[in-house]
Amino acid sequence: MARKPAASKPAPSNSSKDELLKFYRDMLLIRRFEEKAGQLYGMGLIGGFCHLYIGQEAVVVGLEASSKEGDKRITSYRDHGHMLACGMDPRGVMAELTGREGGYSKGKGGSMHMFSREKHFYGGHGIVAAQVPLGAGLAFADKYRGNDNVTFTYFGDGAANQGQVYETYNMAELWDLPVVFVIENNQYAMGTSVKRSTKSTSLFGRGEAFGIPGEQVDGMDVLAVKAPAKRPSPTAARARAPTSLKS
Ligand SMILES: Cc1ncc(C[n+]2csc(CCOP(=O)(O)OP(=O)(O)O)c2C)c(N)n1
Ligand SMILES: [Mg+2]
């Protein structure tokens, strides 16, 4: 999800007041949580790594709006926002960051290694792109069980250049797996800009070669993120649909 050129207008809203307030509350919770995490990290109270999600809040909050009970999510090390957006307890996440027993991994995992089976959150992965095939594996499990759950598999623009992403695309489409691939394109992989590392910068279009339709949306606009996920194609609803209904 990249920011479109500055002139883009906010997406039209068909959300209720309650839903809009929920979006605002969820995004603000992530922002405030991350500000505090950054502060504690600077004070040396958080050990190991700590990757913040500041500025990307609208992506996960918009996509969560299209999820239903039972859907799974998996992401990279930049994972606090995903945990909060799917309803994990902020106290448990912060306890984990600060190495306490009350944390989701009993304080032994830290920022990158938290999980919640209850909320269907499967990490938190420090190896760039490793979560992509794992996301397809989660989707395979749901297909095998015959339910209509979807797995949201998030990864970054840097991860999008890893080979295992394309092996996963091929298998996911070949096996018709209920997975939504979400590329969070924040324009940088550590210090390396997309333009410097990537010949074709339309990352959302790379699935086409495997039969996976892609769409670019403004990741700074929660309503723009929610909109395609609600349409019958190409995101969540497409992933949920039986093969015959897929475009
Ligand atoms: C396989 C692998 N190679 C290199 C690294 C070192 N590394 C950590 S973060 C990162 C950049 C990833 O960028 P991107 O996918 O755009 O995610 P972002 O940090 O922007 O969310 C790299 C190369 C790693 N963790 N794993
Ligand atoms: Mg990036």
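Q: What makes the space taken by ligand 1 a pocket, and where does that pocket rank?
A: The space taken by ligand 1 is the second largest pocket. A pocket is an open set of points on a 1 Å grid over the protein atoms alone, where a 1.4 Å probe fits, with protein on both sides within 12 Å along at least five of seven lines. A molecule sits in a pocket if more than half of its atoms lie within 2 Å of its grid points. The model is predicted: local features need pLDDT of at least 70, and side-chain atom pairs count only at pLDDT 80 or more. Residues are numbered from 1 along each chain as its sequence is written, and side-chain values use heavy atoms, without hydrogens and water.

Q: Which residues are closest to ligand 1?
A: Ligand 1 is surrounded by 14 residues, the closest being Y77, R78, G158, A159 and N186. A residue is near a molecule if one of its heavy atoms lies within 4 Å of it.

Q: What makes the approach of R78 to ligand 1 a polar contact?
A: A polar contact is a pair of N or O atoms within 3.5 Å. A polar side-chain atom of R78 lies 2.7 Å from an oxygen atom of ligand 1, so the pair meets that limit. An oxygen atom of ligand 1 also lies 3.1 Å from a side-chain N or O atom of D157, and one is 2.9 Å from a polar backbone atom of Y188.

Q: Why is C50 in no disulfide?
A: A disulfide is a pair of cysteine sulfur atoms within 2.5 Å. The closest cysteine sulfur to that of C50, in C86, is 18 Å away, which is too far for a bond. The count of disulfides is therefore zero.

Definitions and conventions
Chains lettered and ligands numbered in written order. Polar contact = N/O pair within 3.5 Å; in protein donor to acceptor, adjacent residues only side chain to side chain. 1 Å grid on protein atoms, 1.4 Å probe; cavity = no way out; pocket = protein on both sides within 12 Å on 5 of 7 lines; lining within 4 Å.
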